[in-house]
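The following paragraphs lead through selected parts of a single structure, beginning with a pair of helices and proceeding to strands, a sheet and individual residues. The reader is invited to follow each part in the display.

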Amino acid sequence: MNIEEQFNFLEKSSAVGVFIYQEKGKIVYANDAFSKLVGYSKEELLGENILDFVSADKEYIAEQREIIKKRTSGELFSYEDKIHQYKAKNGSIIPTSVFAYTINYNNKPSGILIVIDKTKEESFKRLYFALSQINQLIVRENREEPLLTSICEILVHKAGYGSASIVTIDETTKLCNIKYISAKKEIYKDILTRVTVGVDKSKPYGRGSISEAYHTKKVALISKVMENEKVSYWTDEYKALNTHSVCSIPIMKQNKVEYIILILDDMSNSFDYEHIHLLEEIQSDIEFALEKIEKDKYSRITLAALNTGFDFVIITDSNFNIVYVNKSALRITGYTKNELIGKHHSIFSSKTHNKEFIKQFYDKLTKEKTFSSIMTYKIKNSSLVNVKVTIVPFKIDGKIKYYIAVGEDLTEKQELYTQLETLMNYDSLTGLTNRTSFINSIEHFMKRAGIKNIIGAVAVINPINFKNINHAFGFETGNLLLKKIAHRLKKNLRRYDVISKLEADKFGILIKELKNKIDITVVVTNMFNTLKELYDIDKNKISLSFNIGVSLYPEDGLSALELLDKANAALVDAQKKGENSVGFFEKGIEETVSRKLRLKTDLSLALLNREFIVYYQPYVDKNNRIVGAEALLRWKKDGKIIQPLEFIPLLEQTDLIIDVEQHVLNTIVKEINKIKKLDITPVHISINLSQKSFRQPDLEEIILSEINQLNVERNLLNIEVTERVLIGNFEHINNLIQSLQKQHITFALDDFGTGYSSLAYLSQFPIDYLKIDISFVRQIIDNAKTRSITESTIDLAKKLNIKTIAEGVETAKQFNLLKSFGCDYFQGYLFSKPLPEEEFERLLTMGTIEFKKKGTGSKIS
């Protein structure tokens with residue numbers, strides 16, 4: 001058995017690793033790609049047990065050992081698209097997708113594994129997952145320390161990184177202090193706490209990613225630490241931690257690095273500059289969350305101060321160090337904010353108060369009592385001012401955390417009114433913006449959208465019969481339920497979309513920057529799916545239904561009130577339809593949107609539920625012998641066959657078409673293999689591929705991989721290319737055709753002459769077949785001009801050595817005339833309609849098709 005011939009394509013592929021093992025898992029063959037993947041030479045691999053290179057627990061290794069035993073004893077079975085983790089020579093972990101089969105190699109039963117490196121996909125997947133989990137955490141956590149520690153836990157125990165640490169910098173020593181560590185193994189924590197790391201670039205321990213992040217204030221990455229001389233100081237620690245990739249994310253506060261999140265991973269290339277936008281998004285989201293926590297904290301404290309009726313506000317921590325001052329305080333004292341923050345409150349001491357006054361001051365405050373008095377403050381210009389001051393202890397978790405000092409200054413009350421006005425823009429129950437703020441947000445969006453021609457939407461969401469919840473469970477449960485609805489909406493929508501609590505139990509949504517109007521269907525579907533799930537409140541399982549009304553910008557209105565009014569009008573329409581219905585103010589698209597909304601949901605489930613099936617319509621030669629067939633997609637839903645025109649156009653609008661066409665390709669290859677096993681004369685089978693499939697950079701590898709899995713004859717697969725696919729993809733598709741033709745796969749130009757065509761395609765593209773469109777065949781008897789064009793096309797194709805296939809042949813007259821023109825093959829209802837798999841196979845066993853003279857039907861012979 002010549003391995004070089006059998007695996008010629010895989011041997012040359014730089015993306016696909018291949019190895020073969022025999023008794024006890026000993027490797028007897030490995031290609032260059034696998035050798036490069038794991039970092040061992042072929043000589044080092046040969047004779048070694050493949051399980052020595054697998055990173056897994058004992059149970060998994062035991063399972064693989066049984067599989068090896070079965071394969072090397074000759075048991076035939078496949079093991080496809082399974083995730084394996086291999087250990088590279090340098091100790092790094094490599095996630096891969098594996099396809100395994102039993103073969104006969106050098107007259108011995110053997111196992112062959114095809115290995116595809118999934119490092120890049122796994123890296124993106126983990127980062128997207130981490131980003132999603134962190135954003136969910138940010139929504140619900142309003143305390144700084146639990147937020148940071150939980151982020152580390154997410155990065156390690158959910159996203160799967162080796163360790164994650166919160167690092168602070170000692171500004172005096174320029175050394176790092178680890179505030180918190182989460183790690184896969186406890187020993188990692190010991191190593192990390194002992195290691196010396198700093199940010200002084202003149203020191204060998206100050207040249208790593210933490211130092212870079214600290215000085216640049218940007219995310220710092222090291223993709224392969226073992227190959228990076230700059231961080232050789234920590235080589236032993238990296239080996240002990242099995243670290244191969246490092247990322248440091250600086251977290252800023254007031255333009256200073258407050259924390260650095262250090263992430264270590266056992267995969268090489270876990271972090272590289274393709275991931276930088278996701279890491280920067282994590283950085284941005286955490287900084288936003290910390291800023292919000294800080295603002296919320298001082299908002300609560302300031303609110304407590306406002307309740308006393310004063311406008312001059314200074315807040316200190318429990319040691320009387322100033323942490324917050326409002327504008328009035330700055331104006332009165334003459335200091336800037338930076339001059340006061342962090343200073344002891346005695347900066348205002350005028351030294352005019354006696355010891356008894358000072359003792360009373362501290363005694364009352366340390367005993368959690370309020371202190372009120374007329375005090376004399378010394379301000380920046382050294383002058384003295386008298387203020388009426390009330391100082392209130394502010395407790396968190398039962399302990400004094402802050403002191404709030406408020407002073408009465410009748411000329412400076414505007415600051416308090418501004419803060420009160422801010423409080424008036426939010427719903428006190430849910431924390432969402434209220435109707436006033438929502439209208440302002442819409443107006444603000446429209447100003448920008450009008451300039452940039454952006455599409456948006458306003459939606460009003462109303463839970464059905466919500467008052468029944470209040471009656472059945474009480475208003476407290478009703479309030480908790482409204483909070484949960486708000487929380488789900490926040491999780492479901494993008495960060496820059498706006499969610500508001502409107503009057504009563506209604507919610508308002510501003511959806512910004514839609515690519516097109518139909519995209520609103522995806523948003524609405526996701527909202528329904530999220531909102532309809534059961535609500536668990538105080539051990540009660542509560543089910544809710546919703547109605548949604550939608551207006552679109554700019555079609556339905558050019559002002560916030562107009563869009564909101566029309567969304568409410570659409571909501572009334574949705575309520576008439578019944579529960580979980582959506583209404584659109586623009587009635588022209590409502591039916592289309594509703595149908596597509598249902599259809600899109602069904603299409604996603606159809607692929608998952610294997611509802612897409614393949615029919616085959618044969619084509620014959622001039623002697624009625626079956627020589628090939630075209631594979632046609634059908635959707636079998638609830639026992640009924642849905643015709644392609646009803647769903648393929650919508651399918652082609654989504655990337656789902658790529659997965660469906662790969663499913664069709666896999667089905668066709670299996671059918672070719674099945675026909676071979678049934679001892680039926682093999683025939684060509686054609687597949688139509690969409691523009692999206694042709695744009696895949698790895699389409700050639702996908703096609704050859706499917707064929708090689710079952711070792712079918714490549715010349716039995718024919719790929720049909722429509723002329724509209726060629727437009728704008730000329731060079732790419734031409735190269736693809738030539739490359740696959742070298743592998744003996746044939747190509748047909750479909751729908752020739754339908755309005756997109758140019759005779760130039762016949763000379764420029766190396767096609768094997770030309771399909772004459774049904775629109776020509778139908779007119780060939782009665783229209784002399786069509787007859788002449790068809791005959792000329794067939795004649796030209798013959799001179800170019802291209803076979804012709806006539807589509808849509810329905811009568812014997814059409815068949816005979818096309819034969820007289822020299823057409824090679826014929827397809828249509830005269831011979832056979834598209835058939836399911838079993839009927840197609842029965843037809844093939846007969847070999848030829850006999851048709852009735854009038855062409856009204858056909859029978860098998």
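**Helices, strands and loops**

In this predicted model, helix α25 (residues 699-710) and helix α27 (residues 730-741) have axes that come within 11 Å and cross at roughly 25°. Because angles under 35 degrees count as roughly parallel, α25 is described as roughly parallel to α27. The residues that make the contact are L699, E700, I703 and L704 on α25, together with L736, S739 and L740 on α27. The crossing of α25 past α27 is right-handed.

Helix α23 (residues 656-677) allows a check on helical geometry. With 22 residues at 1.5 Å a residue, α23 should span 32 Å, and the C-alpha atoms at its ends are indeed 32 Å apart, so the two values agree. As to its surroundings, α23 is mostly covered, with 16 of its 22 residues buried. Just after α23, D679 takes a positive phi of about 60°.

A third helix, α14 (residues 355-366), contains Y362. This residue, Y362, is partly exposed, its relative accessible area being 30%. Leaving aside residues up to four places away in sequence, Y362 touches F320, H344 and H345.

The strands may be taken up next, starting with β1. How many of the six residues of strand β1 (residues 16-21) are buried? Six of the six are, so β1 is largely enclosed by the rest of the structure. In a regular strand the side chains alternate between the two faces of the sheet. Both faces of β1 are covered: V16, V18 and I20 are buried on one side, and G17, F19 and Y21 are buried on the other.

Strand β1 has pairings with β5 and with β2. With strand β5 (residues 108-117), β1 pairs in the antiparallel sense over six bridges, and L113 is the bridge partner of F19 in β5. With strand β2 (residues 27-30), β1 is joined by three bridges, again running antiparallel; here F19 stands opposite A30. F19 thus has a bridge partner in β5 and stands opposite a residue of β2.

The hairpin of β1 and β2 has five residues between the strands. K24 lies in that loop and has a positive phi of about 55° although it is not a glycine. Is K24 buried or exposed? At 68% relative accessibility, K24 counts as exposed, because the cut-off for that class is over 50%.

Strand β18 (residues 507-514) may be read alongside β1. Seven of the eight residues of β18 are buried, so β18 too is largely enclosed by the rest of the structure. Six bridges join β18 to strand β16 (residues 455-463), and the two run antiparallel; V458 has L510 as its bridge partner in β18. Strand β17 (residues 498-501) pairs with β18 in the antiparallel sense over four bridges, and I499 stands opposite I509 of β18. The hairpin formed by β17 and β18 has five residues between the strands, and A504 in the turn has a positive phi of about 55°.

The next part is an open sheet. Five strands form it in the order β7-β6-β10-β9-β8, with antiparallel pairing. Strands β7 and β8 (220-222) stand at the edges with a single partner strand each, so one side of each is left without a neighbour in the sheet. From one strand to the next, the twist averages 15°. At the β8 edge, three bridges join β8 to strand β9 (residues 245-253), the two running antiparallel, and A220 stands opposite S248 in β9. Helix α8 (residues 186-194) packs on this sheet, touching β6, β7 and β10 (256-265), and its direction makes about 170° with that of β7.

Two backbone details in loops complete the account. In the loop between β6 (163-169) and β7 (176-183) lies K174, which has a positive phi of about 60° although it is not a glycine. K174 is partly exposed, with a relative accessible area of 27%. The other detail concerns P554, in the loop between β21 (546-553) and α20 (560-577): the peptide bond from Y553 to P554 is cis, with omega near 10°.

Definitions and conventions: Residues numbered from 1 in each chain as written. Predicted model: local features only at pLDDT ≥ 70, side-chain atom pairs only at ≥ 80, totals over all residues. Heavy atoms only, no water. Buried < 20%, exposed > 50% of the residue type's maximum accessible area, 1.4 Å probe, protein only. Pairing = 2+ DSSP bridges. Contact = heavy atoms within 4.5 Å. Expected span 1.5 Å × (residues − 1). Axes fitted to C-alpha atoms, helices over the stretch in contact; angles between N-to-C directions. Parallel < 35°, antiparallel > 145°, perpendicular 65-115°, else oblique. Left-handed = near helix turned anticlockwise from the far one by under 90°.
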